[in-house]
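Biologist: I'd like to go through this one and ask how each label is earned. Can you give me the cut-off each time?

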Amino acid sequence: MATTARPPASPGVRLVPRGRGAISLEVLATQAGLEPDLVRRLVGLGLIEPCGGTRVAPLFRRQDAALLHRALRLRRDLGLNYAGAILACQLLVRIDELEAQLRAGAPPQRQREVMTWTQTG
């Protein structure tokens, strides 16, 4: 399955404009440099989730464009499949969050893990 990424308009173009608010799938695809059909597939795989809108016309956060671009770059440069690229992006986002907490001087929030042990024969 070939990716249908479009090259950026020119080097040095910002991927995500400043500002808040939700954007349409088509605007998201344009900002990420991808075809809308590929963005729909990535949404279906769970890389990003709509933050509003309707099922027919979902809306997304502006920063999702950078996440999509990163996932496709990981897929292209490292040869990861979509699932691997999605997992890597999720881990990178978590690392960014933890680093921001450390810079702010806040102690990292610990997530509780539940471990179960089974004894085998």
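Biologist: What does Asp-37 count as, buried or exposed, and how do you know?

Modeller: Exposed: Asp-37 has 56% relative accessibility. The label needs over 50%, while buried means under 20% and partly exposed is in between (1.4 Å probe, protein chains only). So 56% lands on the exposed side. Before we go on, this is a predicted model, with local features needing pLDDT of at least 70 and side-chain atom pairs counting only at pLDDT 80 or more, though totals for chains, interfaces and linings use all residues. Numbering starts from 1 along each chain as its sequence is written, and side-chain values use heavy atoms, leaving out hydrogens and water.

Biologist: What makes up the chain, in helices and strands?

Modeller: Four helices and three strands, running β-α-α-β-β-α-α from the N terminus on. Both kinds are DSSP runs numbered from the N terminus: H or I with at least four residues for helices, E with at least two for strands. Of the 121 residues in the chain, 26% are buried.

Biologist: Back to Asp-37. Which residue does its side chain meet in a salt bridge?

Modeller: Arg-40, with 2.9 Å from N to O. The rule asks for a side-chain nitrogen of Lys or Arg within 4 Å of a carboxyl oxygen of Asp or Glu, so this pair qualifies. Side chains of opposite charge can pair when their charged atoms come close. Asp-37 and Arg-40 are three residues apart in helix H2, which means a separation of about one helical turn. Arg-40 counts as partly exposed, at 40% relative accessibility.

Biologist: How many salt bridges does the rule give in total?

Modeller: Six. Among them is Arg-76 with Asp-77, whose closest N and O atoms are 2.8 Å apart; Arg-76 is exposed, at 60% relative accessibility. Another joins Glu-97 and Arg-94, at 3.4 Å from N to O.

Biologist: How far apart are Glu-97 and Arg-94 along helix H4?

Modeller: Three residues, or about one helical turn. Both are partly exposed: Glu-97 has a relative accessible area of 39%, and Arg-94 has 25%. Elsewhere, salt bridges with shared partners join Glu-26, Asp-37 and Arg-40 into one network. Asp-37 and Glu-26 are 11 residues apart in sequence, with 9.4 Å between their C-alpha atoms.

Biologist: What makes a set of residues a nonpolar core, and how many residues does the largest one have?

Modeller: The members must be buried Ala, Val, Leu, Ile, Met, Phe, Trp, Tyr or Cys residues joined through side-chain atoms within 4.5 Å. The largest such set has 23 residues, and Leu-28, Leu-34 and Leu-42 are among those with the most contacts inside it. Helices H1 (25–32), H2 (36–45), H3 (64–78) and H4 (82–104) each supply at least two of its residues. H3 gives the largest share, six residues.

Biologist: How do you know whether Leu-42 is buried or exposed?

Modeller: Its relative accessible area is 1%, so Leu-42 is buried. Leu-42 is in helix H2. Setting aside neighbours within four places in sequence, Leu-42 is in contact (heavy atoms within 4.5 Å) with Leu-34, Leu-47, Ile-48, Leu-68, Leu-72 and Tyr-82. By C-alpha atoms, Leu-42 and Ile-86 are 8.7 Å apart, with their positions 44 residues apart in sequence. With the same neighbours left out, the contacts of Leu-28 include Val-39, Phe-60 and Leu-68.

Biologist: Which charged residue lies over the face of Tyr-82?

Modeller: Arg-75, at 4.0 Å from the ring centre. The rule wants NZ of Lys or CZ of Arg within 6 Å of the ring centre and within 35 degrees of the ring normal.

Biologist: And how many disulfides are there?

Modeller: Zero. One would need a pair of cysteine sulfur atoms within 2.5 Å. As for the cysteines, Cys-51 is partly exposed, at 45% relative accessible area, whereas Cys-89 is buried, at 0%.
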